[in-house]
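Hi everyone, thanks for coming. I'd like to walk you through one structure today, so please have a look at it while I talk.

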Amino acid sequence: MTNKATFCSDMSVDLVRCLADDDIVIDSARVSTNTVGADTDVSRFIDFLVRDRHGSPFEHCVFTFALDVPIFVAREIMRHRIASYSEESGRYTASRLKFYLLESHRPLVQAGKPGDYKFTPGSQLQIDYASIVNASTCVEAAETYQAMLDDGIAREVARMVLPVSTYTRIHMTINARSLMNFLSLRHATKDSWYKTSPLYEIELVAKQMEQQFKEFMPHTHAAFIEHGRIAP
Ligand SMILES: Cc1cc2nc3c(=O)[nH]c(=O)nc-3n(C[C@H](O)[C@H](O)[C@H](O)COP(=O)(O)OP(=O)(O)OC[C@H]3O[C@@H](n4cnc5c(N)ncnc54)[C@H](O)[C@@H]3O)c2cc1C
C-alpha cells in the first residue's frame, strides 16, 4: 500500500490567466456606435451598461481559474453551463486521496424548509460526531481504493468507492458576464436584490473569484454591486 488519506479544509482558487479589464468592455460596447477609442468616462459608461443590462460587452473579458475542491463542490460549480471546464481524470491518474475535513465552525444544522432555511453551528457533540465520522469514512474508503488498485483493479472502477468529499482539480474558464451570474447565486451579500442561500463551501470559492474580478475589473464590479448584483 503506497497511497494514504490526507485531509484539507481549503477551497483553493488560483487565477491561471485572464484577459479582462474595464477598457475591453468599453471597446466592445463602442463597436455598436463606431466610436472605438473615443474618450469615455469609464465609470459612468460601465454603470450604464450594467444598469440597462447591455450584457454582451462583458463577454469579451475572460478568466481561467484553477480550482482544487471536493467533488460535491465541483458538482455545483459545473451546473454553471456558461463556462468551460477541464477536470482531473479518475481513469488516467490515481486519486490523490485528499479529502475534505469539516472545520468546527462550519454550520451543521439546517432549520426551515427548502427555499426558506438557515444553518446554525450545531452542538459540540454534533461537531465531534460529524468530524470523526467524516474522517474515518474517508480513511476507510482510501484503504479500500488502494487495496483494489494493489489487486490490479482499474482506477476507473476503484474510484467508485471514493466519497464526494474527495478533492478534484478543475480548470474553469468563464467570461465576466457569466461570472457575475455565478457570483449573484453563489455569494450571498446584503447588497443583493435577490436572496440566495449558497452552500458554505461554494461560497468560499465564489468569494475568492470575486476578489480577482474586483481587482481586474473595478468599475464593472462597482456597477455590479450598485445594481443589486444582477448579471447584465
Ligand atoms: C441556492 C441554490 C440552490 C440550488 N439547488 C439546486 C437543486 O436542488 N437542484 C438542482 O438541480 N440545481 C440546483 N441549483 C442549481 C441552479 O438551478 C442552476 O442550475 C445553477 O445555479 C446555474 O445557474 P444558471 O443556470 O443561471 O447558470 P448557467 O448554466 O451558467 O447559465 C447562465 C444563464 O444562461 C441561460 N441558460 C443557460 N442554459 C440555458 C438553457 N438550457 N435554457 C435556457 N436558458 C439557459 C440562463 O439565463 C442562465 O441564467 C441551485 C442553485 C443555487 C444557487
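**A walk from helix H8 to the ligand**

Let's start with one residue: alanine 223 lies in helix H8. Please keep in mind throughout that this is a predicted model.

So, is alanine 223 buried or exposed? Its relative accessibility is 2%, and since buried means under 20%, alanine 223 counts as buried. Which residues does it touch, once we set aside its neighbours within four places in sequence? Those contacts are Ile46, Asp47 and Val50. Arginine 44 makes a nice long-range pair with alanine 223: the two are 179 residues apart in sequence, yet their C-alpha atoms are 9.0 Å apart in space.

Now let's step back to the helix as a whole. H8 covers residues 218–226, and its buried residues are Thr220, His221, Ala223 and Phe224. Looking down the axis of H8, you would find these buried residues within an arc of 165 degrees, so they line one face of the helix. And what covers them? The cover includes four helices: H1 (22–30), H2 (42–51), H6 (176–186) and H7 (200–216).

Just past the end of H8, the backbone is worth a look. Glycine 228 comes just after the helix and has a positive phi of about 80 degrees. Then there is arginine 229, in the segment after H8. Its phi is near 60 degrees, which is a positive value in a residue other than glycine. As a reminder, most residues other than glycine have a negative phi.

A second arginine has the same kind of label in my notes. Arginine 53 sits in the loop between H2 and strand E3 (62–70), and its phi is also positive, near 60 degrees, again in a residue other than glycine. Which of these arginines is buried, and which is exposed? Arginine 229 is buried, with a relative accessible area of 2%. Arginine 53, with 51% relative accessibility, counts as exposed, because the cut-off for exposed is over 50%.

**The ligand**

On to the part many of you were probably waiting for. Which residues surround the ligand? They are Arg79, His80, Arg81, Ile82, Asn181, Leu185, Arg186, Thr196 and Ser197. By type, this shell divides into 2 nonpolar, 4 polar and 3 charged residues.

Let me go through three polar contacts, each to an oxygen atom of the ligand. With arginine 79, the partner is an N or O atom in the side chain, at 2.5 Å. With arginine 81, it is a backbone N or O atom, at 2.7 Å. With isoleucine 82, a polar backbone atom is 3.0 Å from a ligand oxygen. How much of the ligand does the protein cover? On its own, the ligand has 940 Å² of accessible area, and the protein covers 45% of that.

Isoleucine 82 also has a link within the protein. The side chain of serine 178 reaches the backbone oxygen of isoleucine 82 at 2.6 Å. Serine 178 is in helix H6, and at 9% relative accessibility it counts as buried. From serine 178 to valine 69, 109 residues away along the chain, the C-alpha separation is 20 Å.

**One more loop, and the whole chain**

One more residue before I zoom out. Threonine 166 is in the loop between helix H5 (155–158) and strand E8 (167–175). Where does its side chain reach? It comes to 2.6 Å from the backbone oxygen of proline 163. Threonine 166 is buried, at 3% relative accessibility. Not counting residues up to four places away in sequence, it touches Val69, Pro70, Ile71, Ser95, Lys98 and Phe99.

And now the overall picture. The protein chain has 8 helices and 8 strands. Of its 232 residues, 38% are buried. Its C-alpha atoms fill a box of roughly 65 × 40 × 25 Å, taken along the principal axes. The accessible surface comes to about 12,900 Å², and carbon and sulfur atoms account for 52% of it. Finally, among contacts with a separation of 6 or more, 77% are between residues 24 or more positions apart. The pair of alanine 223 with Ile46, from the start of this talk, is one example of a contact.

That's my tour. Thanks for listening!

Notes: Residues numbered from 1 in each chain as written. Predicted model: local features only at pLDDT ≥ 70, side-chain atom pairs only at ≥ 80, totals over all residues. Heavy atoms only, no water. Near = heavy atom within 4 Å. Polar contact = N/O pair within 3.5 Å; in protein donor to acceptor, adjacent residues only side chain to side chain. Areas by Shrake-Rupley, 256 points an atom, 1.4 Å probe, with all protein chains shown as cover. Nonpolar A, V, L, I, M, F, W, Y, C, P; charged D, E, K, R; others polar. Buried < 20%, exposed > 50% of the residue type's maximum accessible area, 1.4 Å probe, protein only. Helix = DSSP H or I, 4+ residues; strand = E, 2+ residues; numbered from the N terminus. Arc of directions from axis to C-beta. Contact = heavy atoms within 4.5 Å.
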